[in-house]
Amino acid sequence: MEVVILPGSKQIASLAADAVEALLRRKPGAVLGLATGSTPLPIYSELALRHERDRLDFSQVRAFALDEYVGLPADHPESYRQVIAREFTARVNISPANVHVPDGAAADIPAACQRFEDAIRDAGGVDLQLLGVGTDGHIGFNEPGSSLASRTRIKTLIEQTRRDNSRFFGNLAEVPHHVLTQGLGTILDARHVILVATGAQKAQAVRDLAEGPVSAICAASVLQLHPHATVLVDEAAASSLRLADYYRHSYDHKPAWQGL
Ligand SMILES: N[C@@H]1[C@@H](O)[C@H](O)[C@@H](COP(=O)(O)O)O[C@@H]1O
(Lines give C-alpha, C1' and ligand atoms only; values in the text may rest on other atoms or scores of the structure.)
Protein backbone atom coordinates (compact mmCIF):
# COMPACT_ATOMS: atom_id res chain seq x y z
CA MET A 1 0.00 0.00 0.00
CA GLU A 2 1.31 3.42 -0.91
CA VAL A 3 0.16 6.32 1.27
CA VAL A 4 0.61 9.77 -0.26
CA ILE A 5 0.09 12.82 1.95
CA LEU A 6 -0.89 15.93 -0.01
CA PRO A 7 -1.73 19.49 1.03
CA GLY A 8 -5.42 19.32 0.11
CA SER A 9 -8.24 18.02 -2.05
CA LYS A 10 -7.10 19.96 -5.12
CA GLN A 11 -3.77 18.10 -5.21
CA ILE A 12 -5.53 14.80 -4.46
CA ALA A 13 -7.94 15.37 -7.36
CA SER A 14 -5.12 16.25 -9.70
CA LEU A 15 -3.07 13.14 -8.87
CA ALA A 16 -6.06 10.79 -9.04
CA ALA A 17 -7.12 12.35 -12.36
CA ASP A 18 -3.55 11.85 -13.65
CA ALA A 19 -3.89 8.12 -12.90
CA VAL A 20 -7.26 7.93 -14.71
CA GLU A 21 -5.89 9.91 -17.64
CA ALA A 22 -2.76 7.73 -17.94
CA LEU A 23 -4.97 4.63 -17.90
CA LEU A 24 -7.32 5.98 -20.61
CA ARG A 25 -4.42 7.04 -22.83
CA ARG A 26 -3.01 3.51 -22.70
CA LYS A 27 -6.37 1.69 -22.65
CA PRO A 28 -9.24 3.77 -24.09
CA GLY A 29 -11.77 1.04 -23.27
CA ALA A 30 -10.74 0.85 -19.60
CA VAL A 31 -13.16 -0.20 -16.90
CA LEU A 32 -13.52 2.34 -14.09
CA GLY A 33 -14.95 1.70 -10.64
CA LEU A 34 -16.73 4.77 -9.32
CA ALA A 35 -17.37 5.86 -5.74
CA THR A 36 -19.99 8.26 -4.42
CA GLY A 37 -19.68 10.47 -1.34
CA SER A 38 -18.25 13.99 -1.23
CA THR A 39 -14.54 13.20 -1.24
CA PRO A 40 -14.22 12.01 -4.87
CA LEU A 41 -16.22 14.99 -6.25
CA PRO A 42 -13.13 17.15 -7.00
CA ILE A 43 -11.69 14.20 -8.96
CA TYR A 44 -14.84 14.05 -11.10
CA SER A 45 -14.73 17.81 -11.66
CA GLU A 46 -11.07 17.58 -12.68
CA LEU A 47 -11.86 14.76 -15.13
CA ALA A 48 -14.80 16.72 -16.56
CA LEU A 49 -12.45 19.68 -17.02
CA ARG A 50 -9.87 17.53 -18.80
CA HIS A 51 -12.64 16.11 -21.01
CA GLU A 52 -13.66 19.64 -22.02
CA ARG A 53 -10.23 21.22 -22.19
CA ASP A 54 -7.97 18.36 -23.31
CA ARG A 55 -10.52 16.16 -25.08
CA LEU A 56 -9.91 13.32 -22.64
CA ASP A 57 -12.10 10.69 -24.23
CA PHE A 58 -14.41 8.40 -22.27
CA SER A 59 -16.43 7.11 -25.24
CA GLN A 60 -15.20 3.53 -24.84
CA VAL A 61 -15.09 3.50 -21.04
CA ARG A 62 -17.25 1.14 -19.02
CA ALA A 63 -18.04 2.18 -15.45
CA PHE A 64 -19.29 0.33 -12.38
CA ALA A 65 -20.59 2.05 -9.27
CA LEU A 66 -19.65 0.61 -5.91
CA ASP A 67 -23.04 0.60 -4.29
CA GLU A 68 -26.69 1.67 -4.23
CA TYR A 69 -29.46 2.20 -1.71
CA VAL A 70 -32.20 -0.41 -1.55
CA GLY A 71 -35.75 0.75 -1.97
CA LEU A 72 -35.17 4.15 -3.57
CA PRO A 73 -36.72 4.50 -7.01
CA ALA A 74 -33.97 4.73 -9.68
CA ASP A 75 -35.00 8.35 -10.42
CA HIS A 76 -34.67 9.46 -6.74
CA PRO A 77 -32.13 12.34 -6.70
CA GLU A 78 -30.08 10.62 -3.96
CA SER A 79 -30.03 7.19 -5.58
CA TYR A 80 -26.42 6.52 -6.48
CA ARG A 81 -27.47 5.94 -10.10
CA GLN A 82 -28.57 9.59 -10.20
CA VAL A 83 -25.63 10.88 -8.16
CA ILE A 84 -23.00 9.19 -10.34
CA ALA A 85 -24.67 10.52 -13.51
CA ARG A 86 -25.08 14.06 -12.13
CA GLU A 87 -21.61 14.34 -10.63
CA PHE A 88 -19.62 12.55 -13.27
CA THR A 89 -20.78 10.36 -16.12
CA ALA A 90 -23.16 12.91 -17.68
CA ARG A 91 -20.35 15.51 -17.58
CA VAL A 92 -18.08 13.40 -19.79
CA ASN A 93 -18.83 11.25 -22.83
CA ILE A 94 -19.42 7.92 -21.11
CA SER A 95 -22.35 6.23 -22.78
CA PRO A 96 -25.20 5.81 -20.23
CA ALA A 97 -25.49 2.19 -21.43
CA ASN A 98 -21.95 1.63 -20.17
CA VAL A 99 -22.65 2.83 -16.62
CA HIS A 100 -23.62 -0.02 -14.31
CA VAL A 101 -25.10 0.47 -10.85
CA PRO A 102 -26.41 -2.34 -8.63
CA ASP A 103 -30.21 -2.42 -8.95
CA GLY A 104 -31.49 -1.48 -5.51
CA ALA A 105 -35.09 -1.49 -6.77
CA ALA A 106 -34.97 -5.09 -8.03
CA ALA A 107 -37.65 -7.53 -6.87
CA ASP A 108 -35.04 -10.31 -6.71
CA ILE A 109 -32.06 -8.80 -4.88
CA PRO A 110 -29.70 -11.83 -4.97
CA ALA A 111 -30.27 -12.15 -8.73
CA ALA A 112 -29.56 -8.41 -9.21
CA CYS A 113 -26.30 -8.78 -7.25
CA GLN A 114 -25.26 -11.76 -9.35
CA ARG A 115 -26.06 -9.87 -12.57
CA PHE A 116 -23.84 -7.02 -11.39
CA GLU A 117 -20.94 -9.38 -10.61
CA ASP A 118 -21.42 -11.05 -14.02
CA ALA A 119 -21.36 -7.67 -15.77
CA ILE A 120 -18.02 -6.77 -14.13
CA ARG A 121 -16.58 -10.13 -15.16
CA ASP A 122 -17.93 -9.78 -18.74
CA ALA A 123 -16.31 -6.33 -18.98
CA GLY A 124 -12.95 -7.93 -18.14
CA GLY A 125 -12.75 -6.72 -14.54
CA VAL A 126 -12.20 -3.25 -13.10
CA ASP A 127 -8.93 -1.55 -14.10
CA LEU A 128 -9.06 1.35 -11.66
CA GLN A 129 -11.36 1.51 -8.65
CA LEU A 130 -11.85 4.86 -6.90
CA LEU A 131 -12.81 4.64 -3.24
CA GLY A 132 -13.73 6.96 -0.42
CA VAL A 133 -13.89 5.73 3.15
CA GLY A 134 -16.59 6.03 5.79
CA THR A 135 -15.82 7.33 9.27
CA ASP A 136 -16.25 3.72 10.47
CA GLY A 137 -13.76 2.45 7.86
CA HIS A 138 -16.31 1.20 5.35
CA ILE A 139 -15.53 1.09 1.63
CA GLY A 140 -18.48 0.88 -0.71
CA PHE A 141 -21.03 0.11 1.97
CA ASN A 142 -19.05 -2.74 3.53
CA GLU A 143 -19.75 -1.95 7.14
CA PRO A 144 -17.63 -3.26 10.04
CA GLY A 145 -17.95 -7.05 10.23
CA SER A 146 -18.14 -7.50 6.46
CA SER A 147 -16.56 -10.67 5.17
CA LEU A 148 -13.16 -9.90 3.70
CA ALA A 149 -14.08 -12.28 0.84
CA SER A 150 -17.58 -10.87 0.23
CA ARG A 151 -19.12 -10.33 -3.20
CA THR A 152 -21.90 -7.90 -4.21
CA ARG A 153 -24.78 -8.35 -1.76
CA ILE A 154 -27.27 -6.60 0.49
CA LYS A 155 -25.99 -4.98 3.69
CA THR A 156 -27.65 -3.20 6.61
CA LEU A 157 -26.26 0.26 7.37
CA ILE A 158 -24.82 1.09 10.78
CA GLU A 159 -26.51 4.06 12.44
CA GLN A 160 -23.31 6.14 12.22
CA THR A 161 -23.34 5.77 8.42
CA ARG A 162 -27.04 6.63 8.21
CA ARG A 163 -26.35 9.73 10.31
CA ASP A 164 -23.31 10.68 8.17
CA ASN A 165 -25.39 10.33 5.00
CA SER A 166 -28.53 12.03 6.35
CA ARG A 167 -27.05 15.36 5.18
CA PHE A 168 -28.02 14.34 1.64
CA PHE A 169 -31.59 13.40 2.56
CA GLY A 170 -32.84 16.23 4.76
CA ASN A 171 -33.56 13.98 7.71
CA LEU A 172 -32.43 10.68 9.18
CA ALA A 173 -35.75 8.90 8.68
CA GLU A 174 -35.40 9.24 4.90
CA VAL A 175 -32.06 7.37 4.79
CA PRO A 176 -32.61 3.74 3.73
CA HIS A 177 -31.51 1.01 6.13
CA HIS A 178 -30.39 -1.33 3.37
CA VAL A 179 -27.94 -1.07 0.50
CA LEU A 180 -26.37 -3.19 -2.21
CA THR A 181 -22.60 -3.01 -2.29
CA GLN A 182 -19.72 -4.56 -4.11
CA GLY A 183 -18.10 -6.94 -1.67
CA LEU A 184 -14.60 -6.60 -0.31
CA GLY A 185 -13.61 -9.57 -2.50
CA THR A 186 -15.11 -7.77 -5.50
CA ILE A 187 -13.14 -4.60 -4.72
CA LEU A 188 -9.92 -6.59 -4.23
CA ASP A 189 -10.29 -7.95 -7.78
CA ALA A 190 -9.76 -4.46 -9.27
CA ARG A 191 -6.30 -4.10 -10.78
CA HIS A 192 -5.56 -0.80 -9.03
CA VAL A 193 -7.46 0.86 -6.21
CA ILE A 194 -7.13 4.51 -5.23
CA LEU A 195 -8.71 5.48 -1.91
CA VAL A 196 -9.12 9.16 -1.12
CA ALA A 197 -9.77 10.66 2.31
CA THR A 198 -9.80 14.25 3.52
CA GLY A 199 -10.51 15.98 6.83
CA ALA A 200 -9.84 15.23 10.50
CA GLN A 201 -13.04 13.16 10.78
CA LYS A 202 -11.32 10.52 8.62
CA ALA A 203 -8.02 10.42 10.58
CA GLN A 204 -8.91 7.39 12.70
CA ALA A 205 -10.27 5.40 9.74
CA VAL A 206 -7.13 6.22 7.74
CA ARG A 207 -4.87 5.08 10.56
CA ASP A 208 -6.87 1.88 11.05
CA LEU A 209 -6.94 1.04 7.36
CA ALA A 210 -3.26 1.73 6.68
CA GLU A 211 -1.58 0.80 9.96
CA GLY A 212 -4.05 -1.29 11.92
CA PRO A 213 -4.46 -5.04 11.69
CA VAL A 214 -6.30 -6.44 8.68
CA SER A 215 -9.66 -6.92 10.28
CA ALA A 216 -13.35 -6.80 9.41
CA ILE A 217 -13.79 -4.18 12.15
CA CYS A 218 -12.17 -1.75 9.68
CA ALA A 219 -13.32 -3.06 6.28
CA ALA A 220 -10.90 -0.81 4.37
CA SER A 221 -7.94 -2.54 6.07
CA VAL A 222 -8.47 -5.37 3.57
CA LEU A 223 -6.68 -3.11 1.06
CA GLN A 224 -3.44 -4.06 2.82
CA LEU A 225 -3.86 -7.37 0.96
CA HIS A 226 -4.14 -5.65 -2.43
CA PRO A 227 -1.01 -5.67 -4.58
CA HIS A 228 -1.63 -2.16 -5.93
CA ALA A 229 -3.48 0.07 -3.48
CA THR A 230 -2.86 3.81 -3.33
CA VAL A 231 -4.17 5.98 -0.48
CA LEU A 232 -4.31 9.73 -1.12
CA VAL A 233 -4.91 11.82 2.00
CA ASP A 234 -4.71 15.43 3.07
CA GLU A 235 -2.78 16.56 6.15
CA ALA A 236 -5.84 16.41 8.42
CA ALA A 237 -6.76 12.86 7.41
CA ALA A 238 -3.08 11.89 7.84
CA SER A 239 -2.83 13.42 11.30
CA SER A 240 -3.00 10.11 13.23
CA LEU A 241 -0.61 8.14 11.01
CA ARG A 242 2.43 6.79 12.87
CA LEU A 243 4.54 6.49 9.73
CA ALA A 244 3.63 9.84 8.14
CA ASP A 245 7.29 10.93 7.86
CA TYR A 246 8.20 7.69 6.14
CA TYR A 247 5.32 8.05 3.63
CA ARG A 248 6.45 11.60 2.84
CA HIS A 249 10.06 10.50 2.44
CA SER A 250 9.08 7.58 0.18
CA TYR A 251 6.95 9.76 -2.06
CA ASP A 252 9.62 12.47 -2.30
CA HIS A 253 12.20 9.87 -3.34
CA LYS A 254 9.98 7.86 -5.65
CA PRO A 255 11.67 6.88 -8.91
CA ALA A 256 10.43 9.16 -11.68
CA TRP A 257 9.40 6.20 -13.88
CA GLN A 258 7.00 4.88 -11.23
CA GLY A 259 3.49 6.28 -11.61
CA LEU A 260 0.84 5.92 -8.95
N1 LIG B 1 -21.16 4.53 0.21
C2 LIG B 1 -20.43 5.76 0.32
C3 LIG B 1 -18.96 5.44 0.41
O4 LIG B 1 -18.53 4.89 -0.83
C5 LIG B 1 -18.17 6.70 0.74
O6 LIG B 1 -16.80 6.42 0.75
C7 LIG B 1 -18.62 7.23 2.07
C8 LIG B 1 -17.83 8.45 2.53
O9 LIG B 1 -18.34 9.59 1.96
P10 LIG B 1 -17.67 11.02 2.03
O11 LIG B 1 -16.60 11.01 1.00
O12 LIG B 1 -18.78 11.96 1.69
O13 LIG B 1 -17.15 11.20 3.40
O14 LIG B 1 -19.99 7.60 1.92
C15 LIG B 1 -20.90 6.60 1.50
O16 LIG B 1 -21.23 5.86 2.60
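## A tour that starts at strand β10

Select β10. Both of its faces are covered: Ala229, Val231 and Val233 are buried on one side, and Thr230, Leu232 and Asp234 are buried on the other. Buried means that 20 or more other C-beta atoms lie within 10 Å of the residue's own; exposed means 12 or fewer, partly exposed is in between, and C-beta atoms are placed from the backbone. Since 6 of the 6 residues of β10 are buried, the strand is largely enclosed by the rest of the structure. Strands here are DSSP runs of E with at least two residues, helices are runs of H or I with at least four, and both are numbered from the N terminus.

Before moving on, note what is on screen. This is a predicted model, in which local features need pLDDT of at least 70 and side-chain atom pairs count only at pLDDT 80 or more, while totals for chains, interfaces and linings use all residues. Residues are numbered from 1 along each chain as its sequence is written.

**Stop 1: the parallel sheet**

Stay on β10 and add its partners. β1 pairs with β10 (residues 229-234) in the parallel sense over 5 bridges. Val3 has Val231 as its bridge partner in β10. Now add β9 (residues 192-197), which also pairs with β10 in the parallel sense, over 5 bridges. Here, Ala197 is matched with Val233 of β10. Two strands count as paired if DSSP finds at least two bridges between them.

Next, show the whole sheet. It is open, has 7 strands with parallel pairing, and runs in the order β1-β10-β9-β6-β2-β3-β5. The edges are β1 (2-6) and β5 (99-100); each has a single partner strand, so one side of each is left without a neighbour in the sheet.

**Stop 2: the antiparallel sheet**

Select β4, β8 and β7. These 3 strands form an open sheet in the order β4-β8-β7, with antiparallel pairing. β4 (67-69) and β7 (153-156) are the edge strands, each pairing on one side only. The twist averages 30° from one strand to the next. For that angle, axes are lines fitted to C-alpha atoms (for helices, over the stretch in contact), and angles run from 0 to 180 degrees between N-to-C directions.

Look along β7. Arg153 and Lys155 are on its covered face, and Ile154 and Thr156 are on the uncovered one. In a regular strand the side chains alternate between the two faces of the sheet. β7 and β8 are antiparallel and share 4 bridges. Lys155 stands opposite Val179 in β8.

Cross to the other edge. β4 is joined to β8 (residues 178-181) by 3 bridges, again antiparallel.

**Stop 3: Asp67**

Select Asp67, in strand β4. Its opposite number in β8 is Thr181. Is Asp67 buried or exposed? Asp67 is buried, because 22 other C-beta atoms lie within 10 Å. UniProt, in an unreviewed entry, lists Asp67, Asp136, His138 and Glu143 under "active site". UniProt positions are given in the numbering used here, feature names are shortened, and annotations may be inferred rather than shown by experiment.

**Stop 4: around the ligand**

Select the ligand and its 14 surrounding residues; Gly37, Ser38, Thr39, Gly132 and Gly134 come nearest. A residue is near a molecule if its C-beta atom, placed from the backbone, lies within 6 Å of it. By class, this shell has 4 nonpolar, 9 polar and 1 charged residues. Ala, Val, Leu, Ile, Met, Phe, Trp, Tyr, Cys and Pro count as nonpolar, Asp, Glu, Lys and Arg as charged, and the others, Gly among them, as polar.

**Stop 5: two exposed residues**

Go to Arg55, in the loop between α2 (41-54) and β3 (62-65). Arg55 is exposed, with 8 other C-beta atoms within 10 Å. Its phi is positive, about 55°, although Arg55 is not a glycine.

Then pick Gln258, in the segment after α8 (244-252). Gln258 counts as exposed because it has 7 C-beta neighbours inside 10 Å. Draw a distance from Gln258 to Arg167: their C-alpha atoms are separated by 39 Å.

**Last stop: the whole chain**

Zoom out. The protein chain has 8 helices and 10 strands. Of its 260 residues, 43% count as buried. The C-alpha trace spans about 55 × 40 × 35 Å along its principal axes.
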